[in-house]
Amino acid sequence: MGSADSKLNFRKAVIQLTTKTQPVEATDDAFWDQFWADTATSVQDVFALVPAAEIRAVREESPSNLATLCYKAVEKLVQGAESGCRSEKEKQIVLNCSRLLTRVLPYIFEDPDWRGFFWSTVPGAGRGGGEEDDENARPLAESLLLAIADLLFCPDFTVQSHRRNTVDSAEDMHSLDSCEYIWEAGVGFAHSPQPSYVHDMNRTELLKLLLTCFSEAMYLPPAPDSGSTNPWVQFFCSTENRHALPLFTSLLNTVCAYDPVGYGIPYNHLLFSDYREPLVEEAAQVLIVTLDHDSATSASPTVDGTTTGTAMDDADPPGPENLFVNYLSRIHREEDFQFVLKGMARLLSNPLLQTYLPNSTKKIQFHQELLVLFWKLCDFNKKFLFFVLKSSDVLDILVPILFFLNDARADQSRVGLMHIGVFILLLLSGERNFGVRLNKPYSVRVPMDIPVFTGTHADLLIVVFHKIITSGHQRLQPLFDCLLTIVVNVSPYLKSLSMVAANKLLHLLEAFSTTWFLFSAAQNHHLVFFLLEVFNNIIQYQFDGNSNLVYAIIRKRSVFHQLANLPTDPPTIHKALQRRRRAPEPLSRTGSQEGASMEGSRPAAPAEPGTLKTSLVATPGIDKLTEKSQVSEDGTLRSLEPDPQQSSAEDGPTEEESGQAWREQRRLSSASASGQWTPTSEWVLSWKSKLPLQTIMRLLQVLVPQVEKICIDKGLTDESEILRFLQHGTLVGLLPVPHPILIRKYQANSGTAMWFRTYMWGVIYLRNVDPPVWYDTNVKLFEIQRV
C-alpha cells in the first residue's frame, strides 16, 4: 500500500473516531486496527493527521472511546514486548502505537479529570474474557512503562541479535539478559556494538514516548513542597523494572560516547546525515528527567562504599529508591569517571569549536541538557566531583561554561542557561581545588566578546563575570551575589591576577560603591562586602604574586577612602537617590578601559523578538543557597552555624552577626520590591561600621608614601618601575592578623530542586519542536512567553 493511501486510511480512522457518538467495543478489532495495523505513518504524519482540537473533542464528547484507544495501543505494545516483535508487521504496529500515544498523552495529562486514568486498571478488558484475575491486573501506566523497557532491549528491533539463526532460535524475551545488550561501551560495559541506523531510530521513538509519559510533571503547577515525586519516573526507576541498570548504563554511555565530529574526521558530518544525534538528545533528556530527585529532602545519595570489582559501589546504606539516582551516585571507577568527564567536555566544547573552525563538526544543540546532567553528577556523586577537580580537566568544563555565560548575557530567552552555568561554578567553587586549578595559564584562544588579556583561567573567569555584570540584561541582577560569591570562594588561591582582571575588579567596586547604587536597594551593599573580602583574601594570602592588583588598589585608593567616609546624613542620602532617578543606568560603563574584543568574536546579541521562552521560579537568595564554612590550618572545612553568642567585641563584626544582618536586610528589602523601602541613617550606619577596610587601609598607609617617593625621586610616570618595586615589596608584620578563610558552599535545598525541575522541563518543552509534542497544550509548570 502506498504511503498516500496509508495516510488517507489513517485519517479516515481518526475522523470515524471523532464523529462516533456511541462507544466502540474494545473487541471491535476491525475498527481499532485501522490506527496501527495497515498504516506506515511517520511520527510527523501522526501529528499532522491527529489535530489537537479533535483529540480534545473525543476527550470531552466520547471519553470511553479515547480510553479504549489508549488501552488498545498499550495492549499492542505489551504484545510486541511479549513476542519480541519478530515480524516487520509487528515492528510497524509497535512504532505506530508508540507515535499515537506520544500524540495523545499530553491531552490526557492536561485535563485534571483524566489524571488518574493511566493509574487505574481496566477490568477484564479485551483479554478474551476473564481468564485473568482482575486483582492482579496492573495499572495501565505500569504495563506501558514495562513494555517500553522490554522493547528497548528487543533483538533485531532496538538491539542487535546475538543469535545467528533467528528463525528457529529466537531469543526468548523473558530469559533475555539485557545487561549483555547495553547500547554503547563505557561505564560498566566494554563492548561497543556495531552502529545501526534502524535500531537508533526505533530507540529514539520509544524514548520519545517514555519522555512523554514522564511529562505529566509539566501539567502540575510548581509546588513549594518539591517532595512530590513523579509517579511515572518513580515506577520506571524502581526494582519493578528489570532493565533499570542496563537502560541507565545505555543512556549514560550513549550520551558520553557521542562524537559529533563524525568518526573523528573533521567536516565528515556534511557527508553523512547523523542519525545518532536525535538518539543522544532523547537519551540526555530522559536521563535528566529520571534523575529529578530532591536530595535536600531525602537521604543523601552520596555513598562511600568500598571499591569493588563492579561499576557500581556496593552501597551501604542502600541509597535512594530511584535506581537511576542510586546507580549514578555509586559509579566509582577512575576509568568510568574519565570516560564521563571526557565525553561531557567534548560535547560542551562543541559550540566553541564551531567558532574557530566553522562547520568542521556538527553543531550540537543540547548543551543545556548536558549542563543539567553534569550538575546531577556532581551533586549526587561526590567522588565524581572530587575526580573532576583532581586534575586540570575541570578547565575543559569551565571554559565552555564561561563561553555560554558570556554569549547568553544579553539574551532574555537564555536566562535559565545563565543560572545553571553560575550554579555549577558555585558548586565547584566550594572546593579548594577549583581555586588552585584556576592558576593554570589560559592559552586556548576561543573567540569571545571580551577584552584581550594574557593570564590564567582565573583572569578569564573575572573578565567574563565583569562583562556579565556591566553589560548583561537587567534580569541577571539576582545573579550578582552568586557571581561574586564564586570570586570570593576562589580568591585565597589566586597566585597572580593580570592587570586587566585587577582593573575589572576595581571597576566593579567603583560601580557598586557609588552612593546612589548603595542606597537604592536594601541589599546592594552586600556586593561591596564581597569585593572587599576578595581583596582582603588576596592581600593576606597571595600578596607576593599579586602586584598588579596591589597597584590597581593604590591607583583607585580614592574609592576606599570614599567608602570609609560614606555619608550617613539624611540630606545626602536623599540627594544620592535624586541623582539616581535622573540616571537609572544600572552600572557605568565608563572607567573600565574596555579595550578591543578578541578577534573573530561576535558581540553577545539579545534574543530575536518573538523568541519563545519559558518562565522560571525564583531562586533562593545566596544566604539560603550556601552555607558558610571556615578553612582550618590543615585545609579542612568546619561548618559555621550561625551562633550569635560567639561574637567578641574586638574582632569587629563576626560572620554570625553579618549573617543576622543579612537576614535583617532581606526582611527590609522585601519591602523594596513594592517600592516602599527607603534607606535611613541608622540603616547605613548599621553596615558601614562593619565594612572590612582595615587590611586595605593599612596597605595604603604603608605603600602609598613609598610609591609616591619613587615617582618624585625618579620623575616616574612609567608603571613598570612601580610594579617592579611592588613585586619585591613585603608587608610581613605590617598587616592585621590574617582572618580565617571563609567559603560559602552550595547546599542542596528544595528551592533549587524546584528551580531545576521548571528549568529542565522548560528546556525539553522548547527543544521538542519536530514533532511539537507539548506545544499548545495547557502546561502548568511554567508559562510560555515571547521575548
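Are W683 and W687 buried or exposed? Hold that thought for a moment, everyone. What we have on screen is a predicted model, and I'd like to walk through its aromatic pairs and then one sheet.

Back to the two tryptophans: W683 is buried, and W687 is buried as well. Their rings form an edge-to-face pair, with 5.6 Å from centre to centre and 75° between the planes. Both sit in helix 30 (residues 681-688), and because they are four residues apart there, about one helical turn separates them.

Now, how many aromatic pairs are there? The count comes to 35. Take F248 and Y327: their ring centres are 6.0 Å apart and the planes stand at 45°, so this pair is tilted. It links distant parts of the chain, since F248 belongs to helix 10 (residues 244-257) and Y327 to helix 12 (residues 323-330), 79 residues apart. Both F248 and Y327 are buried.

There is also a cluster to look for: ring pairs join F109, W114, F117, F118, W119, Y219 and W232.

Let's turn to the sheet. This one is open, with three strands in the order 3-2-4 and antiparallel pairing. Strand 3 (637-639) and strand 4 (742-746) are at the edges with a single partner strand each, so one side of each has no neighbour in the sheet. On average, neighbouring strands here are turned by 40° against each other, ignoring direction. Between strand 2 (residues 626-631) and strand 4, the antiparallel pairing runs over five bridges. If you want a place to zoom in, find T626, whose bridge partner in strand 4 is Y746.

Thanks for listening, and I'm happy to take questions!

Conventions
Residues are numbered from 1 along each chain as its sequence is written. This is a predicted model: local features need pLDDT of at least 70, side-chain atom pairs count only at pLDDT 80 or more; totals for chains, interfaces and linings use all residues. Side-chain values use heavy atoms; hydrogens and water are left out. Rings of Phe, Tyr and Trp (its six-membered ring) pair if their centres lie within 6.5 Å; planes under 30 degrees apart count as stacked, over 60 as edge-to-face and the rest as tilted. Helices (H or I, at least four residues) and strands (E, at least two) are DSSP runs, numbered from the N terminus. Buried means under 20% relative accessible area, exposed over 50%, partly exposed in between (1.4 Å probe, protein chains only). Two strands pair if DSSP finds at least two bridges between them. Axes are lines fitted to C-alpha atoms, for helices over the stretch in contact, and angles run from 0 to 180 degrees between N-to-C directions.
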